[in-house]
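User: I am new to this structure. Please take a close look at a single part and explain your terms as you go.

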Amino acid sequence: MGRIVIIGAGAMGLAAAHRAVSLGHSVDLVEADAVPGGMAAHFDVGGVSIERFYHFVCKSDQPTFDLLAELGLDDAMRWTATSMAYFIKGKVHPWGDPVSLLRFPHLSLIAKIRTGLQMFWTTKRRSFAAIEDKTARDWIVGGSGREVYETLWKRLIDLKFFELADDISASWIAVRIRRIGNSRRSIFQEELGYIDGGSQTLVDALVERFTASGGRLHLATPAERVEVEDGRVRGLHAGGRFFPADGIISTVPTPYVPRLAPDLPQEVKEQYASIRNIGVVCLLFRLKRSVTGNFWLNIVDDAIDIPGIIEFSNLRPLPDCFVYIPYYMPHSHQKWGWSDAQFIEEAFGYIRKVNPEIGDDDLVEANVSRLRHAQPVCEPNFADRLPPVRTPIEGLLAADTSYYYPEDRGIAESVRLGRQMAEIV
């Protein structure tokens, strides 16, 4: 068997490392951070262990369930009846079931029928190849109508992608709708899941199994350069050390790949460079009282410049109320350079606009996490833009969350792709 080096100990890198060592390879897993887990890693908030970036599980996330079973964590999944809503024109309106749709006051009857039908058929489709060349806007307008797009969708997409909003793939949006739409107890009740103890439970189990099987985890060891000789990998320079390798799997964001592998052909480097990413500033508030009682609140209000609030304690039982507010934005946006205090002040003000009963003394703690490359911008025919996972350098594989397309980012896709790369290398 071979010597394998894996770059990045997020969910994808951990899954790849676990699979590679189980196949008998000698495996080194290098991670720039001081802790493993990537976006699934936890941190401590007043004695509560919780993800820096929110995660939830849907009933279609089979790779997650298979990995939990393999690790002896079959009983770790928990399911919760959840709800979502829209905040529009100063009020919270339930959403996500036929009764809520019919009672929603800001759409005409024909618009409600059209969007109900489009969403229903989207949950039943197995392939979205027929809409691969369409933008999300054109697909929604064509199916549900301009009234629905302008009322429910436009501001949400604008506040996530800003000047890139008109470049978003219809397939990418449709798959997100299908994933959530199929995670239900009934037509009237959404049901989402979480891993008991949070994502850290899975991260810890993967690390324990990997190291117990002879794998070597190197934290605070940033990858520097892939060493190439005669067109194939020879090893990796990382953290001031050299790790010999017959194969290397990179799971870091694709914008970093050209710097890590300067021997790649120029045209391949340009392909990586053409994949656009936006960053995220993710706030986590600990509050003494609930904001709305919903898990997910979409916000369509000109006075509030965030697309939504994720009330995580309405999914996973926690002491107090824990609320995520993500600010997704291109790096060119003026807010990208804001201080933590500026984000906290603005976001808490928005929480109080949604629920005016929340006062300053209800704020227990606020934390801010940042990620420069958080969300690939998936335009129509996005898969055609991606370089192959197998790079022209023999023995070097590279992929990040862009390669989940048309699926969105999630632990299930990380597990699927990580294991697949370990089997290829």
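Analyst: Buried means under 20% relative accessible area, exposed means over 50%, and partly exposed lies in between (1.4 Å probe, protein chains only). This is a predicted model, so local features need pLDDT of at least 70 and side-chain atom pairs pLDDT 80 or more, while totals for chains, interfaces and linings use all residues. Residues are numbered from 1 along each chain as its sequence is written, and side-chain values use heavy atoms, without hydrogens or water.

Start with V415. It sits in helix α12. Helices (H or I, at least four residues) and strands (E, at least two) are DSSP runs, numbered from the N terminus. V415 is buried, at a relative accessible area of 2%. What does V415 contact, leaving aside its neighbours within four places in sequence? The partners are A15, P63 and L67. Contact means heavy atoms within 4.5 Å. Q62 is 353 residues away from V415 along the chain. Even so, 9.8 Å separates the C-alpha atoms of Q62 and V415.

Now the second largest pocket. α12 (411–424) supplies at least two residues of its lining. So does α7 (170–181). α7 gives the most to this lining, with 3 residues. A pocket is found on a 1 Å grid over the protein atoms alone: it is an open set of points where a 1.4 Å probe fits, with protein on both sides within 12 Å along at least five of seven lines, and lining residues have an atom within 4 Å of a point. In this pocket, 13 residues make up the lining. Those nearest its centre are S60, D61, R179, E407 and E413. How does the lining divide by residue type? There are 7 charged residues, 3 polar and 3 nonpolar. (Asp, Glu, Lys and Arg count as charged; Ala, Val, Leu, Ile, Met, Phe, Trp, Tyr, Cys and Pro as nonpolar; the others, Gly among them, as polar.)

Next, the loop between β20 (396–398) and α12. P406 lies in it. The peptide bond from Y405 to P406 is cis. Its omega is near 5 degrees. Most residues other than glycine have a negative phi, and most peptide bonds are trans.

Two residues elsewhere have a positive phi. One is N381, in the loop between β19 (363–376) and β20. Phi of N381 is near 60 degrees, although N381 is not glycine. N381 is partly exposed, at 32% relative accessibility. The other is D320, in the loop between β17 (308–311) and β18 (321–329). Phi of D320 is near 70 degrees, again in a residue other than glycine. D320 has a relative accessible area of 36%, so it counts as partly exposed.

Finish with V233, for a second buried valine. V233 belongs to strand β12 (residues 232–238). Its relative accessible area is 4%. What surrounds V233, beyond its neighbours within four places in sequence? Its contacts include V226 and E227. A245, D246, G247 and I248 are also among them. So are I393, E394, G395 and L396. D158 is 75 residues from V233 along the chain. The C-alpha atoms of V233 and D158 are 42 Å apart.

Back to the part we began with. α12 holds the buried V415. α12 also helps to line the second largest pocket. The loop that runs from β20 to α12 contains P406, and the bond into P406 from Y405 is cis.
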